[in-house]
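Please open the model in your viewer, with the cartoon drawn and the selection tool at hand. The tour below moves from one selection to the next and says what is to be found at each stop.

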Amino acid sequence: MEVVCHGTPLPDAFEAYKAELEQKYGARLISFRFRDKRTGWQQYSVTAVFENGAEYSAPQDQDPYMKLFLHNLILRERCYDCRHKRHSAADLTIGDFWGLKHYAPELNDDKGVTLAIVRTKAGKQLLDQASGLALRPVTLAGMERYNPCLISSVIRPSARDQITSRLFETPIEELARQFIARPGFVARQKARLRRLLRG
Ligand code: SF4
């Protein structure tokens, strides 16, 4: 079985963030949830627990480490040209189904819905053995549309090397602030450019 994969962060990026959190909370990190679904499947959180009982939690769109990950700025080199895309050797592929609202919105309880691609007889047997599933048919094209990581690697941002070379020197929060445009920033820049072109 394989899992649809967006990519994996560089170990150094996590080590840098871990060191920063430990310094900020004054204790050793004992648990880190990359995707804590207690706040929902779609609006999940990043959660860290420390040896002194302190806890950090932030929505995925506010945690700087997650923001760098989601913008593909701290992925491992091989993730930008992943040979597993389109060349699956698995019997069954599973992953979050992000196209849910277009195909079966009635199933959305914000706890997560899985896509499953049966690739072999063994994969079919595996799926048949699972009981209590509410299955809905979805075309492969539909799955690929809303889960592009099924077939293609993410684009390597030009700023990726600048960021990874500054890990441990510049705080993760500062890197996210410098390299990720704030909401509305791009739209404002485009509007400004249009005004300039109009003269
Ligand atoms: S190389 Fe491919 S399968 Fe491996 S972590 Fe990166 S994206 Fe995922």
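How many residues does helix α1 have, and how far does α1 reach from its first C-alpha to its last? Select residues 11-25, bearing in mind that this is a predicted model: helix α1 has 15 residues and reaches 21 Å between those two C-alpha atoms, close to the 21 Å expected at 1.5 Å a residue.

Stay with α1 and colour A13, A16 and Y17, which are the buried residues of this helix. If you look down the axis of α1, its buried residues fall within an arc of 95°, so they line one face of the helix. Now turn to the other side of α1, where P11, D12 and E15 are exposed. To see what covers the buried residues of α1, add α2 (64-70) and α7 (172-179) to the selection, as both are included in that cover. Before leaving this region, step just past the end of α1 to G26, which takes a positive phi of about 65°.

The next stop is L70, which is found in helix α2. Is L70 buried, exposed or partly exposed? L70 counts as partly exposed because it has 15 C-beta neighbours inside 10 Å, whereas a buried residue would need 20 or more. From L70, draw a distance to L92: the two are 22 residues apart in sequence, and their C-alpha atoms are 25 Å apart in space.

L92 brings you to the sheet, since strand β5 covers residues 92-96. Select β5 together with strand β1 (residues 2-3), and you will find the two paired in the parallel sense over two bridges, with V3 standing opposite I94 in β5. Then add strand β6 (residues 114-118), which pairs with β5 in the antiparallel sense over five bridges. Two places to centre the view are D96, which stands opposite T114 in β6, and G95, whose bridge partner in β6 is L115.

With these strands displayed together, the picture is that of an open sheet of three strands in the order β1-β5-β6, with mixed pairing. Strands β1 and β6 stand at the edges, each with a single partner strand, so one side of each is left without a neighbour in the sheet.

Which residues should be selected around the ligand? Choose C5, G7, T8, R76, R78, C79, C82 and H84, which are the residues around the ligand. Coloured by class, this shell shows three nonpolar, three polar and two charged residues.

Finally, clear the selection and zoom out to the whole chain, whose secondary structure comes to eight helices and six strands. Followed from the N terminus on, the elements run β-α-β-β-β-α-β-α-β-α-α-α-α-α. The C-alpha atoms fill a box of roughly 60 × 50 × 35 Å, taken along the principal axes, and buried residues make up 15% of the 199 residues in the chain. If you display contacts between residues at least 6 apart in sequence, 63% of them join residues at least 24 apart.

Note on methods:
Residues numbered from 1 in each chain as written. Predicted model: local features only at pLDDT ≥ 70, side-chain atom pairs only at ≥ 80, totals over all residues. Near = placed C-beta within 6 Å. Nonpolar A, V, L, I, M, F, W, Y, C, P; charged D, E, K, R; others polar. Helix = DSSP H or I, 4+ residues; strand = E, 2+ residues; numbered from the N terminus. Expected span 1.5 Å × (residues − 1). Buried ≥ 20, exposed ≤ 12 C-beta atoms within 10 Å, placed from the backbone. Arc of directions from axis to C-beta. Contact = placed C-beta atoms within 7 Å. Pairing = 2+ DSSP bridges.
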